[in-house]
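Let's take a walk through this protein together. Have the sequence and the 3D view open side by side, and follow along as we go.

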Amino acid sequence: GHVATKSKVRPPRLDGIKTGLYSTRTPHRPNAIGLSLAQLHSVEDDVLHLGGADLVDGTPILDVKPYVPFADTALGATVAPWLAAMPTPDLQVQFTPEATEQLRLLVPEQSLLRSEAQARSAITEVLTADPRSVHWRQSR
């Protein structure tokens with residue numbers, strides 16, 4: 001059946017600014033276009049030479065977006081200068097003594113996070129990006 005999709009979305013990192021869904025990395029699209037991380041090897045005139053993408057040879061590439069560390073993971077990748085400052089700044093994360101103690105007690109019960117340092121790092125990474133909804137942030 002047909003599923004309705006909005007043509008404009010509000011990505012959390014744009015702090016509520018509406019933008020066309022094809023200009024974002026949203027996986028909620030009205031078609032079966034896939035997303036893949038690729039490395040830009042070179043540019044010759046109007047031709048981009050890419051590598052490292054998980055595509056079948058000959059697959060057309062419809063759109064190219066710059067690398068952004070909050071959405072992609074690639075060792076050794078560099079961020080384009082115009083993306084160095086994000087519209088929504090990263091949050092500073094601090095653990096209270098009570099939170100540190102709770103984390104220390106919780107880690108032995110976890111199978112995914114093997115140490116307190118690993119758990120602290122994972123929590124900090126998520127909270128730094130401010131996972132609160134745009135509506136919640138703007139209502140404060």
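We will start with a strand pair, move on to the pockets, and finish with the salt bridges. Please keep in mind that this is a predicted model.

A good place to begin is the pairing of β3 and β4. These two strands run antiparallel and are joined by five bridges. To see one of these contacts for yourself, find Leu 40 and look across to β4, where Leu 50 is its bridge partner. β3 and β4 form a hairpin with two residues between the strands, and in this hairpin Asp 45 takes a positive phi near 55°.

The hairpin strands also take us to the largest pocket. β3, covering 39-44, and β4, covering 47-51, each supply at least two residues of its lining. β4 gives the most, with three residues. The space in the largest pocket comes to about 1200 Å³. Its lining is made up of 37 residues, and the closest to the centre are Ser 36, Ala 38, Asp 63, Val 64 and Lys 65. What is the chemical character of the lining of the largest pocket, by class? There are 23 nonpolar residues, together with nine polar and five charged ones.

Now turn to the second largest pocket, which holds about 640 Å³ of space. Here 26 residues form the lining, and those nearest the centre are Pro 11, Pro 12, Arg 13, Arg 25 and Phe 70. Sorted by class, this lining has 17 nonpolar, four polar and five charged residues.

Our last stop is the salt bridges; a search of the whole structure finds two of them. One brings us back to two residues from the centre of the largest pocket, Asp 63 and Lys 65. Their side chains meet at 2.1 Å, N to O. Are these partners buried or exposed? They fall in between: Lys 65 counts as partly exposed because its relative accessibility is 25%, and Asp 63 is partly exposed as well, with a relative accessible area of 45%.

The other salt bridge joins the side chains of Glu 101 and Arg 104, at 2.6 Å from N to O. Both residues sit in helix α1, which spans residues 97-106, and because they are three residues apart, about one helical turn separates them. Glu 101 is partly exposed, at 34% relative accessibility. Arg 104 is also partly exposed, with a relative accessibility of 43%.

Definitions and conventions: Residues numbered from 1 in each chain as written. Predicted model: local features only at pLDDT ≥ 70, side-chain atom pairs only at ≥ 80, totals over all residues. Heavy atoms only, no water. 1 Å grid on protein atoms, 1.4 Å probe; cavity = no way out; pocket = protein on both sides within 12 Å on 5 of 7 lines; lining within 4 Å. Points joined across faces, edges and corners; volume = space filled by probe spheres on them. Helix = DSSP H or I, 4+ residues; strand = E, 2+ residues; numbered from the N terminus. Nonpolar A, V, L, I, M, F, W, Y, C, P; charged D, E, K, R; others polar. Pairing = 2+ DSSP bridges. Salt bridge = Lys/Arg side-chain N within 4 Å of Asp/Glu carboxyl O. Buried < 20%, exposed > 50% of the residue type's maximum accessible area, 1.4 Å probe, protein only.
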